[in-house]
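Biologist: I'd like to learn how to read contacts and charge pairs in a model like this one. Can we go through it together?
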Amino acid sequence: MAPILQVKDLTKRYGGLTAVNEVSFDVEPNEILSVIGPNGAGKSTIFKLISSFVKPTRGEVTFNGEVISGLAPHTVARKGVVRTFQETTIFKGMTARDSVIVAHHLRSHASLFGFYLGSAAARRDEADFGRSSDEILDFLGLGAVKYEIASNLPQGHLRALGIAIGLAANPKILLLDEPFAGMNADETSRAVEMVRAVRDRGVTLLLVEHDMAAVMKISDRIVVINFGVKIAEGTPAEIRANEKVIEAYLGVEDETIGL
Amino acid sequence: MTPMQRGTRIAGIGAFLVVVFIAVPMAIAAAHRTDLYYTLSSVALLSIASGGVWLTFYIGRINIGQGAFALVGGYVSAILVTAYGLSFWLSLPLAGLFCAAASVLVGLPILRLRGVYFAMVTLVLTEVARLSALALSVTNGAKGITSIPAPGPIGLFGLTIVPAFDTFAERNVAFYFLSVTVMALCFAGLWRLVNSRVGRLFAALRQNEDLASSMGLNVPALRVLAYAISSFLGGVGGAIFVAIAQSIYPSSFTVNDSVNFMLNCFLGGLGYVFGPMLGTLVLYFGWDLLFQTGQYQLLIYSGVMILLILLLPNGLFSLRLPSRRSS
Ligand SMILES: Nc1ncnc2c1ncn2[C@@H]1O[C@H](COP(=O)(O)OP(=O)(O)OP(=O)(O)O)[C@@H](O)[C@H]1O
Ligand SMILES: [Mg+2]
């Protein structure tokens, strides 16, 4: 099958610092691909490049055969490449449900003016978005807290809400930046199930994550980045056995690591 | 919305309209204070411009440049009426639309700025507008445009709906009804906007622009839309103001006015659509009441403002909330 997303020779320089250096990899349809690497390796920058929030110094990103680098971020999102953020991936002051409804916007049939006047198409859209939001929130276990203000939710729910908002935008490929950060073991294993369920809905997933146990459990394939350079790519078993990876993570070769 | 909430809302709107259109004119007649018509018209017009500023706050931008659009709107109407003989009634929407169009050009680059950077640039805009009015020939420089004719009649199929303002014994009564009608329409429109999906998209921008654009929202376009509506309101307010004064000068709206438009929003409450109306009313009369204190006017005024912002960070309208919750 043709890859859904292709990253080719992607390079990003900030002044003298090369945050991402000639990175290439393919993402296959409906797989879960994780990008891992030490702090500051350039993982989030790769996400920003794919979602077109920053322009590459060199190289390009292709989505379903079409070059998307250089397009506006909202255009890339409309094509189906949707990204969540490492830091705040919610609308703080809104209820969980309202946030998810807002994120449905690119599915709307009515124009903004139609929404203003409350046209028939707008009312249909509103009803559809409400139903779909309830479904997504239930699906991610947020049904009971959907009328809470987002910023009052505990960490685990926040991450789930971040994914719910992403799902609402109808992604073909969803980029999750550290979806398990700040979760305890229990929450993580539930979140892992959640991500798998999202994949079962037909969404391709690209993850950045530091939690190795979760990454090994969930990923079909893994790409390892160190100092902006791709140093390995393969299945979890291959990555676990890779000398370069062990070195990058520990700086020494002969220590056992918790991979 | 429950039937009870709907009932409360309709009662609220009804009370507001009765006060503005019936009770106030009756009280003014009883007290023989027809001078208040001019004052209250000013409050209504300033609150329209403040309503625009409020909308820019709503997308997360501090706008200290509304004076520029009030000035531009005033000049557009004045020039259309005096130089082109256009009816005031046509010049009014055109002044608003001209300001909206201008704000799209200005807004596209500057709305990328946030926080204090955007605020500073908008502050400079007011000065730019004043200096342009001084320098241009179409605005007649420092001499300004004077002897602007009062609004003519509006007729439909030979029927006079609104008589020419000159035919009123007290012109300011006509201007009062014009100002409060336009104010009611503008705030009804604003209320509808904020409570529609468009408003929710604006709120999403305020809370997280990056996330909004990664959800496919055209963030730059939405920002410009909000700013254009804001400037439209500034232009409309300015145009009616000029019609009342029958003259306009480069100093008709200054940085001071821009700052006041912003303060009106703060005072009324950024979370309430009708906040700017209340804020303008209180600020306008508060300033006037302090006139007796002479040289201490500014000192007391500033002190009270600081206290109010400290004690009521969500504005005067937030005073109303506890009673609502307990009911
Ligand atoms: N806007 C920027 N300007 C300058 N340098 C930047 C910028 N953004 C990122 N960098 C640098 O690029 C490098 C890669 O950053 P990036 O955020 O991609 O790392 P990361 O792999 O996501 O790290 P973490 O695991 O800590 O999230 C870092 O050295 C960072 O300081
Ligand atoms: Mg990162």
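Modeller: We'll go through the domains, the chain interface, the salt bridges and then the cysteines. Keep in mind that this is a predicted model.

Biologist: Okay, domains to begin with. Into which domains is chain A divided?

Modeller: Chain A has domain 1, made up of 1-80 + 173-179 + 205-259, and domain 2, which covers 87-170. The centres of domain 1 of chain A and domain 2 of chain A, taken over C-alpha atoms, lie 28 Å apart.

Biologist: How many residues of each domain of chain A are in contact?

Modeller: Seven residues from domain 1 of chain A meet four from domain 2 of chain A. Between these two domains of chain A, about 510 Å² is buried, and carbon and sulfur atoms give 67% of that. On the domain 1 side of chain A, the residues losing the most area to domain 2 of chain A are Arg78(A), Leu174(A) and Pro179(A), together 62% of what that side buries.

Biologist: And the polar side of that interface? How many salt bridges and how many residue pairs in polar contact are there between domain 1 of chain A and domain 2 of chain A?

Modeller: The rule finds zero salt bridges across the interface of domain 1 and domain 2 of chain A, and the count of residue pairs in polar contact between them is one. If you want to look at the elements, α2 (73-79) and β7 (173-177) of chain A each supply at least two residues of the domain 1 side that touches domain 2 of chain A. β7(A) gives the most to that side, with three residues.

Biologist: Now the two chains. How many residues does the contact take from chain A and from chain B?

Modeller: Chain A puts in 30 residues and chain B 23 residues. The area buried between chain A and chain B is about 2300 Å², with 64% coming from carbon and sulfur atoms. His74(A), Phe91(A) and Tyr116(A) supply 28% of the area that chain A buries against chain B, more than any other three residues.

Biologist: How many salt bridges are there between chain A and chain B?

Modeller: The general idea is that side chains of opposite charge can pair when their charged atoms come close. Between chain A and chain B the count is two salt bridges. For an example, look at Arg197(B) and Glu126(A), whose side chains meet at 3.3 Å, N to O. The rule also finds ten residue pairs in polar contact across the interface of chain A and chain B. Elements giving two or more residues to the chain A side that touches chain B include α2, β6 (81-83) and α5 (120-139) of chain A.

Biologist: What about salt bridges over all chains: how many does a search of the whole structure find?

Modeller: That search finds 20. One of them joins Lys8(A) to Glu60(A), with the closest N and O atoms 3.8 Å apart. This pair links distant parts of the chain, 52 residues apart: Lys8(A) is in strand β1 and Glu60(A) in strand β4 of chain A. Lys8(A) is partly exposed at 36% relative accessibility, and Glu60(A) is partly exposed at 30%.

Biologist: Which strands of chain A hold Glu22(A) and Arg58(A)?

Modeller: Glu22(A) is in strand β2 and Arg58(A) in strand β4 of chain A, 36 residues apart. Their side chains form a salt bridge at 2.3 Å, N to O. Glu22(A) counts as partly exposed, at 43% relative accessibility, and so does Arg58(A), at 41%.

Biologist: Arg199(A) and Asp200(A) form a salt bridge too. Is Arg199(A) buried or exposed?

Modeller: Arg199(A) is buried, with a relative accessible area of 16%, whereas Asp200(A) is exposed at 62%. The closest N and O atoms of Arg199(A) and Asp200(A) are 3.9 Å apart. There is also a salt-bridge network, which links Glu31(A), Arg221(A), Lys230(A) and Glu233(A).

Biologist: Last one: how many disulfides are there over all chains?

Modeller: A disulfide is a covalent bond between the sulfur atoms of two cysteines. Here the count comes to zero over all chains. Cys99(B) is in no disulfide, and the nearest cysteine sulfur, that of Cys186(B), is 13 Å away. Cys99(B) is buried, with a relative accessible area of 0%.

Biologist: Why is Cys265(B) too far for a bond?

Modeller: Because the closest cysteine sulfur, in Cys186(B), is 14 Å from the sulfur of Cys265(B), and the cut-off is 2.5 Å. Cys265(B) is buried, with a relative accessible area of 0%.

Definitions and conventions. Residues numbered from 1 in each chain as written. Chains lettered and ligands numbered in written order. Predicted model: local features only at pLDDT ≥ 70, side-chain atom pairs only at ≥ 80, totals over all residues. Heavy atoms only, no water. Buried < 20%, exposed > 50% of the residue type's maximum accessible area, 1.4 Å probe, protein only. Domains from an automatic or database assignment. Contact = heavy atoms within 4.5 Å. Buried area = accessible area lost by both parts, 1.4 Å probe. Salt bridge = Lys/Arg side-chain N within 4 Å of Asp/Glu carboxyl O. Polar contact = N/O pair within 3.5 Å; in protein donor to acceptor, adjacent residues only side chain to side chain. Helix = DSSP H or I, 4+ residues; strand = E, 2+ residues; numbered from the N terminus.
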